[in-house]
Amino acid sequence: MDRPPLSTVAVVGLGTMGTGIAEVLARAGREVIGIDPDETAAAQAVLTLENSTARAVARERLTEEERQDLLARFRTFGDLQAAADADLVIEVAPEDFETKRTILRALDGIVRPTAIVATGTNALSVTRLASDTAHPERVLGMHFFNPAPAMKLVEIVSSVLTSPEAADAVTSLAEELGKQPIPVGDRPGFVADGLLFGYLNQAAAMYEARYASREDIDAAMKLGCGLPMGPLELLDLIGIDTARTVLEAMYAASADRLHAPAPILGHLSQAGLTGRKAGRGFYSYEAPGSDVVVPDALTPAASQADSGAREVRSVGVAGSGTMASGIAEVFAKAGYDVVLAARSEEKAEKAKSRIAASLDRSVSKGRISQEDRDATLARVTPAGSLDAFDQVDLAVEAVAEDLAVKQQLFATLDKVCKPGAVLATTTSSLPVVACARATSRPQDVIGMHFFNPAPAMKLVEVVRTVLTGDDVHATVREVCGRIRKHAVDCGDRAGFIVNALLFPYLNNAVRMVEEHYASLDDIDAAMKLGGGYPMGPFELLDVVGLDVSLAIQRVLHREFREPGLAPAPLLEHLVAAGCLGRKSGRGFREYARR
């Protein structure tokens, strides 16, 4: 039997999400029945829709006649009985099992037998909610993302009881609304939140451990990964109490300690510091509900020149690869004289040629003048030996990510470089202190983790060891400012900030595929459309290189000893098979050979 179209939809709960869903439906020509026992919430929903449609008219996206028709399609009521004529009911009540169960059971005696009932939960069991109703086959999950009018993703959650016809009907509706529906099974967090909240939890734990400041954690993930918001900013937006509820559900299902809510989430929730909606969470806001951050006791002091910094006029860069030439270009552009040393004159000249090509591209795009290009290149002196570093004030190594190789290089720098020279490693995963201990002056050694491509990426993670001198730290901070990079401070532990948060998220995405929970394409789409990520996890893994990703994940697992950080077997198998990503022509996906 053909199911009638879902032309009349009831939305139960007119908070921010419910109001957003109602707007999406009304804009798509559906008759929308908004239901909320709170008259203030219902009035606010109407006002919100009036304001958003007025803006659309002002921007000539709607005519006034279309606006009036749209507003007429949205009616509000205070009683569930208003849902009697609905073809679909979407419940968006607070994330509380008893509240949702009460609503869904009440609907049994109200809606028609052919009506579909959807819950908007992102943490509770759809199966448990459905099993308590008279018709579990018509109950499913329909998880929109906030703000619903803007976000394209809708996760369609089927339980083992859901009829395929019901799932197909709401999937078609989501497509007609201009959304991208993704089918998922019933487990806490589904795809997007299942990956997102583990990452947010680790960021909260990192902050709680005082490993890095809230500002540095957020800046690192925005600048290092291209994310639209930092994790602590995002927790404040979502609501710290909401995040804790989702994590509790995830932990109950997975028993993975990485999902156990960081204690700070509970402490803030119990104090009523739940984020933007309360006016204070990880940050302080102008007023409850405001997105304007205001200074508080934890706000860093206004930027001042670091005292005690050593003078840096010349820089040595060791290495001949892409990263080494990119870093040398960054320093030369900033006016430093740069010695670019490789294992041979030929390799050093080739690295300088790579800089020239990069500068030529900048000239062709109008980013720099020909004169600046020539002056920058003239400041780079290639050398076939580290002996050329005898007068540099700062030596930066960018050689292979191999501890033995780096330790040997630092032992050489110790002999070659003048007293007082700062020695920096660009390692992304190895202990900086192990490089420092290869010298007789560990107080002069620090980490400067640039991101690839170095000329374009603004972030530098400044990594202090327990032996690094204050003046060395001050020097590198000052240098970062001069080369126009954003420096974030972190300690010497595996992954620093970015990789420690990024790679467990990528590893968890691999586990989802391994468990046949969702497809590569659906997971990538979920994170781009639901999380605002510039790339999906599998796109990113193939770009980074599966072998590189596996090596970093192993380092994280070895240091933190968390079972949940163990590399996903599928990742290990692909690397063993030589499927390393784009560079090998095949990783999680296949690529045309160049």
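Two strands count as paired if DSSP finds at least two bridges between them. Strands (E, at least two residues) and helices (H or I, at least four) are DSSP runs, numbered from the N terminus. This is a predicted model: local features need pLDDT of at least 70, side-chain atom pairs count only at pLDDT 80 or more, and totals for chains, interfaces and linings use all residues. Residues are numbered from 1 along each chain as its sequence is written, and side-chain values use heavy atoms, with hydrogens and water left out.

Start with the sheet. It is open and has 8 strands, in the order 13-12-11-14-15-16-17-18, with mixed pairing. Strand 13 (380-383) and strand 18 (486-491) are the edges, each pairing on one side only. From one strand to the next, the twist averages 25 degrees (axes are lines fitted to C-alpha atoms, for helices over the stretch in contact; angles run from 0 to 180 degrees between N-to-C directions).

Now step inward. Strand 14 (residues 394-397) runs parallel to strand 15 (residues 422-425), with 4 bridges between them. Here L394 has V422 of strand 15 as its bridge partner.

Move on to strand 17 (residues 459-464). Of its 6 residues, 5 are buried, so the strand is largely enclosed by the rest of the structure. Buried means under 20% relative accessible area, with a 1.4 Å probe and protein chains only. Strand 16 (residues 445-450) joins strand 17 through 4 bridges, antiparallel. H449 is bridged to E461 of strand 17.

Strand 17 also joins strand 18, in parallel, through 6 bridges. E461 stands opposite V488 in strand 18. Between these two strands, the chain passes through helix 17 (residues 470-482) in a right-handed β-α-β crossover. Right-handed means that, with the strands pointing away from the viewer, the path from the first strand over the helix to the second runs clockwise.

Methods
Buried means under 20% relative accessible area, exposed over 50%, partly exposed in between (1.4 Å probe, protein chains only).
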